Amino acid sequence: MGPGLFWNFPPKAGCTVPQSLLQTMLLSRMAGMKEQQFTEEKPLLPEQRGLDSDMQHDRGEEGSGGVSALPSADPAPLAQPPPPSRPNHRWHVIARHWLRQTRCRTSGFNPENCEQLMPAGDWKEHDIETPYGMLHVVIRGAPKGNKPAILTYHDVGLNHKLCFNSFFHNEDMQEITKHFVVCHVDAPGQQIGASQLPQGYQYPTMDQLAGMLPSVVQHFGFKSIVGIGVGAGAYILAKFALIFPDLVEGLVLLNIDPNGKGWIDWAATKLSGLTSALPDTVLPHLFSQEELMSNTELVQSYRQQINNTINQFNLQLFWNMYNSRRDLEMNRSGTVLNAKTLKCPVMLVVGDNAPAEEGVVECNSKLDPTNTTFLKMADSGGLPQITQPGKLTEAFKYFLQGMGYIAYVKDRRLSGGPVPSASMTRLARSRTASLTSASSIDGSRSRACTHSDSTEGVGQVTHTMEVSC
């Protein structure tokens, strides 16, 4: 029987216990309570209250020279007990705390109504109001000085988990992102567990989806971002950078297609939607024909997850809007009058034989060659961030290094020591030759580099590269 439980016995009217037995039990209980103190006393049983009066009477007689009816005991420890060896928590307080924690874990975490220990760095979900509707965002960390936030946007048919989990769970990528705040954006209605959008809902256009991002930047207090976008997400981030160039420090665009669909492509997409299930209509946009023909385990897995984890009605709206996009209004300087293009450093990435290969090549022709890197990854299929997360992480590491945000790059091919960056001049935004090293992990990989002089800065030389790895 644990200490203190003796006081919880209910009183019984017909209970007759010998007086000597009660006295012995009471003294034993007092001796056991020397190591545990209670902040408040529990009411005594009627028999115990009578016993307590008898004890006081007997003590009075003993002090006046009389003989005590109780065995001799030293009351000093009871008057001044030693400090307790453990916290003075009552058992019922501990029980209530345990019950509250159990309810939190079983009913879902509500940060306003539920107390839960959350380690620093955990992901937090937010629903942000924008001029074009609510936007679901998942964020980890807090803005750090003047460092930009890493903001991602997924492709159609995916969400931030399906699109970026493999990439951001890579060990080297985690080493990078621990120095930045990371923000994943889900297109409206595409997150896991999203409720179905109402009938007649007008899904935001691609321009409006880009126009929702300033609300995210303002909500979290980001000074600027480095964007990572795939497919439709790459298009949205590029549009955002064209409209708000001061908010974007750099872009990593995978599988971007800057061109809108023509009438023939639009009709083919419509016909495919009538004859095939929605996941089978979206998969050719994500994977290469070789992957689809061989029906790899990855394709099977994504077919199942697209069907089970994303609301199909919401996905159809996003898919229709992406296929209705217009051309990105950007052209390389000097090609047309009043040409407008991306001003920030850009790394274009595409897999070998990916469905977006022609679109990425077209986008490369519209960008400034002095701050653009074109990375073509072999044996990576349609989703390089999933099939080759290590290679993409290495390239992203050097991309940030060229912007001046990473002073040292850990090279595991050597003794594990840091390798100094080739360029730390952030103002000139020089594209350094160190990026070539990122794509040269194997000596058999081919690369083609084109160098051009830059008038930006004094004595600075920038490099535009087309790299195959």
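## Helix α8 and the residue after it

G221, which follows helix α8, has a positive phi near 75°. The model described here is predicted. Helix α8 spans residues 213-220, and 6 of its 8 residues are buried, so this helix is largely enclosed by the rest of the structure. The buried residues of α8 are L213, P214, S215, V216, V217 and F220.

## Overall composition

The protein chain contains 18 helices and 12 strands. Of its 469 residues, 43% are buried. Among contacts in the protein chain with a separation of 6 or more, 72% join residues that lie 24 or more positions apart.

## The largest nonpolar core

In soluble globular proteins, nonpolar side chains tend to be buried together. The largest nonpolar core of this model has 95 residues, and the members touching the most other members are I228, L253 and F396. Helix α9 (residues 232-243) gives the most to this core, contributing 9 residues.

The surroundings of L253 can be described in detail. When neighbours within four places in sequence are set aside, L253 is in contact with G229, A234, L237 and A238, and also with L342, V346, M347, L348 and V349.

## Packing of helix α11

Two packed helices are described by the angle between their axes and the distance between the axes. Helix α11 (residues 278-286) packs with helix α14 (residues 312-323) at an angle of about 40°, and their axes are 11 Å apart. This angle makes α11 oblique to α14. The crossing of α11 past α14 is left-handed. On the α11 side the contact involves L278, P279, T281, V282 and H285, which meet Q312, L315, Q316, W319 and Y322 of α14. Sorted by class, this contact of α11 with α14 comprises 6 nonpolar and 4 polar residues, with no charged residues.

Helix α11 also packs with helix α13 (residues 297-309); the two axes come within 10 Å and cross at roughly 130°. That angle makes α11 oblique to α13. Here α11 passes α13 in a right-handed crossing. The residues P279, D280, L283 and L286 of α11 meet V299, R303, I306 and N307 of α13. By class, the contact of α11 with α13 has 5 nonpolar residues, 1 polar residue and 2 charged residues. P279 thus appears in the contact with α14 and in the contact with α13.

## A buried loop residue: Q190

Q190 is located in the loop between β4 (182-186) and α7 (206-211). With a relative accessibility of 0%, Q190 counts as buried.

Residues up to four places away in sequence being left out, Q190 touches H154, L158, N159 and Y203, together with I310, N314, L315 and F318. One of these contacts, L315, is also among the α14 residues that meet α11.

## Loop residues with positive phi

Most residues other than glycine have a negative phi, and most peptide bonds are trans. Against that background, N353 has a positive phi near 60° and is not a glycine. N353 is found in the loop between β7 (346-351) and α15 (357-365).

D379 is another residue other than glycine with a positive phi, at about 55°. Its place is the loop between β8 (372-377) and α16 (384-387). D379 counts as exposed, because its relative accessibility of 68% is over 50%.

## Pairs separated in sequence

K376 lies in strand β8. With a relative accessible area of 24%, K376 is partly exposed. K376 and V350 are 26 residues apart in sequence, and their C-alpha atoms are 5.1 Å apart in space. V350 falls within the residue range of β7, 346-351.

G145 occupies the loop between β2 (133-140) and β3 (149-153). At 55% relative accessible area, G145 is exposed. The C-alpha atoms of G145 and K223 are separated by 8.8 Å, although these residues lie 78 residues apart along the chain.

Definitions and conventions:
Residues numbered from 1 in each chain as written. Predicted model: local features only at pLDDT ≥ 70, side-chain atom pairs only at ≥ 80, totals over all residues. Heavy atoms only, no water. Axes fitted to C-alpha atoms, helices over the stretch in contact; angles between N-to-C directions. Helix = DSSP H or I, 4+ residues; strand = E, 2+ residues; numbered from the N terminus. Parallel < 35°, antiparallel > 145°, perpendicular 65-115°, else oblique. Left-handed = near helix turned anticlockwise from the far one by under 90°. Contact = heavy atoms within 4.5 Å. Nonpolar A, V, L, I, M, F, W, Y, C, P; charged D, E, K, R; others polar. Core = buried A, V, L, I, M, F, W, Y, C linked by side-chain atoms within 4.5 Å. Buried < 20%, exposed > 50% of the residue type's maximum accessible area, 1.4 Å probe, protein only.
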